[in-house]
Amino acid sequence: MPSLLLGSRQFEAIWQRGHWIGLHGYHHRSFTLLSPQELQQSLLQTQTAIANACQLDLTEVQQRIRDVRPPNGFFTPQILHWLEQWQYRPVMWSVVPEDWVRPGVAVATERVLHQTQAGSIIVLHDGYCGGEDVAQIAAEIIPRLLDEGYQFVTVDELWQGHCTAPTVGPTVGPTAAPTETTTHSTTHSAASTHSSKSDWS
């Protein structure tokens with residue numbers, strides 16, 4: 001998920017290129033610390049920021065951008081119930097190279113390659129959340145995973161189950177979830193063996 005902190009022009013360019021955008025919360029506060037009203041407001045604020053950045057109608061954004069990755073990965077059964085009630089889709093990652101602690105490009109790359117399997121969602125971070133190496137890591141892992149027969153697909157394509165080859169789901173975020181994208185989200189690169197782009201807000 002690219003972060004809205006990137007600036008509205010960059011974020012709009014990400015949208016125009018067809019990347020899948022997700023929600024990550026407006027202030028990157030743990031969902032477990034929020035009341036249902038605060039959580040719902042946080043998601044709406046993020047959708048509003050995306051609509052403004054991409055010059056889209058808010059109603060369209062509210063209908064199309066409904067995938068949610070929680071800050072730090074913290075969900076509870078109650079939070080999952082609320083998200084289902086509000087018609088959001090929770091999304092989690094399965095490949096975690098811990099790039100935010102900056103282990104180095106080579107180490108992060110090997111962690112991704114070792115952990116990835118069909119249907120994996122890879123989480124990478126951009127911006128000030130420790131993702132200074134995200135571009136280099138992505139440049140290493142993408143061709144190597146493609147060489148192994150994987151395709152990159154959007155989170156939505158994973159949900160729809162339209163993958164015919166091993167797939168990796170993309171995720172980018174601070175950002176607004178992609179890698180996962182959010183207003184304050186982190187970049188997540190999801191690897192699925194399908195092809196595609198994904199961004200989170």
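Guide: A residue counts as buried when its relative accessible area is under 20%. The model discussed here is predicted, and of the 201 residues of its protein chain, 52% count as buried.

Visitor: How many helices and strands does the protein chain contain, and in what order do the elements run?

Guide: The protein chain has 7 helices and 5 strands. Read from the N terminus, the order is α-α-α-β-α-β-α-β-α-β-α-β.

Visitor: How should the packing of two helices be read, and at what angle do H1 and H2 pack?

Guide: The description of two packed helices rests on the angle between their axes and the distance between those axes. Here, helix H1 (residues 8-16) packs with helix H2 (residues 36-54) at about 90 degrees, the axes being 8 Å apart. An angle of 65 to 115 degrees counts as roughly perpendicular, so H1 and H2 are roughly perpendicular to each other.

Visitor: Which residues of H1 and H2 make the contact?

Guide: On the H1 side they are Ser8, Phe11, Glu12 and Trp15, and on the H2 side Ile50, Ala53 and Cys54. Sorted by class, this contact of H1 with H2 comprises 5 nonpolar, 1 polar and 1 charged residues.

Visitor: Turning to the aromatic rings, how many aromatic pairs does a search of the whole structure find?

Guide: The search finds 1 aromatic pair. Its members are Trp82 and Trp86, with 6.2 Å centre to centre and 20 degrees between the planes. Planes under 30 degrees apart count as stacked, so the pair of Trp82 and Trp86 is a stacked one.

Visitor: Are Trp82 and Trp86 buried or exposed?

Guide: Trp82 counts as buried because its relative accessibility is 16%. Trp86 also counts as buried, because its value is 14%.

Visitor: Which residue lies over the face of Tyr88?

Guide: That residue is Arg66, at 4.1 Å from the ring centre of Tyr88.

Visitor: How should backbone phi values be read, and where is His28 placed?

Guide: Most residues other than glycine have a negative phi. His28 is not a glycine, yet its phi is positive, at about 60 degrees. His28 is placed in the loop between H1 and H2. With a relative accessible area of 22%, His28 is partly exposed.

Visitor: What is the phi of Arg102, and where does Arg102 lie?

Guide: Arg102, likewise not a glycine, has a positive phi of about 55 degrees. Arg102 lies in the loop between strand S2 (89-90) and helix H5 (105-115). Its relative accessible area is 44%, so Arg102 is partly exposed.

Definitions and conventions
Residues are numbered from 1 along each chain as its sequence is written. This is a predicted model: local features need pLDDT of at least 70, side-chain atom pairs count only at pLDDT 80 or more; totals for chains, interfaces and linings use all residues. Side-chain values use heavy atoms; hydrogens and water are left out. Rings of Phe, Tyr and Trp (its six-membered ring) pair if their centres lie within 6.5 Å; planes under 30 degrees apart count as stacked, over 60 as edge-to-face and the rest as tilted. Buried means under 20% relative accessible area, exposed over 50%, partly exposed in between (1.4 Å probe, protein chains only). A charge sits over a ring if NZ of Lys or CZ of Arg is within 6 Å of the ring centre and within 35 degrees of the ring normal. Axes are lines fitted to C-alpha atoms, for helices over the stretch in contact, and angles run from 0 to 180 degrees between N-to-C directions. Helices (H or I, at least four residues) and strands (E, at least two) are DSSP runs, numbered from the N terminus. Angles under 35 degrees count as roughly parallel, over 145 as roughly antiparallel, 65 to 115 as roughly perpendicular and the rest as oblique. Contact means heavy atoms within 4.5 Å. Ala, Val, Leu, Ile, Met, Phe, Trp, Tyr, Cys and Pro count as nonpolar, Asp, Glu, Lys and Arg as charged, and the others, Gly among them, as polar.
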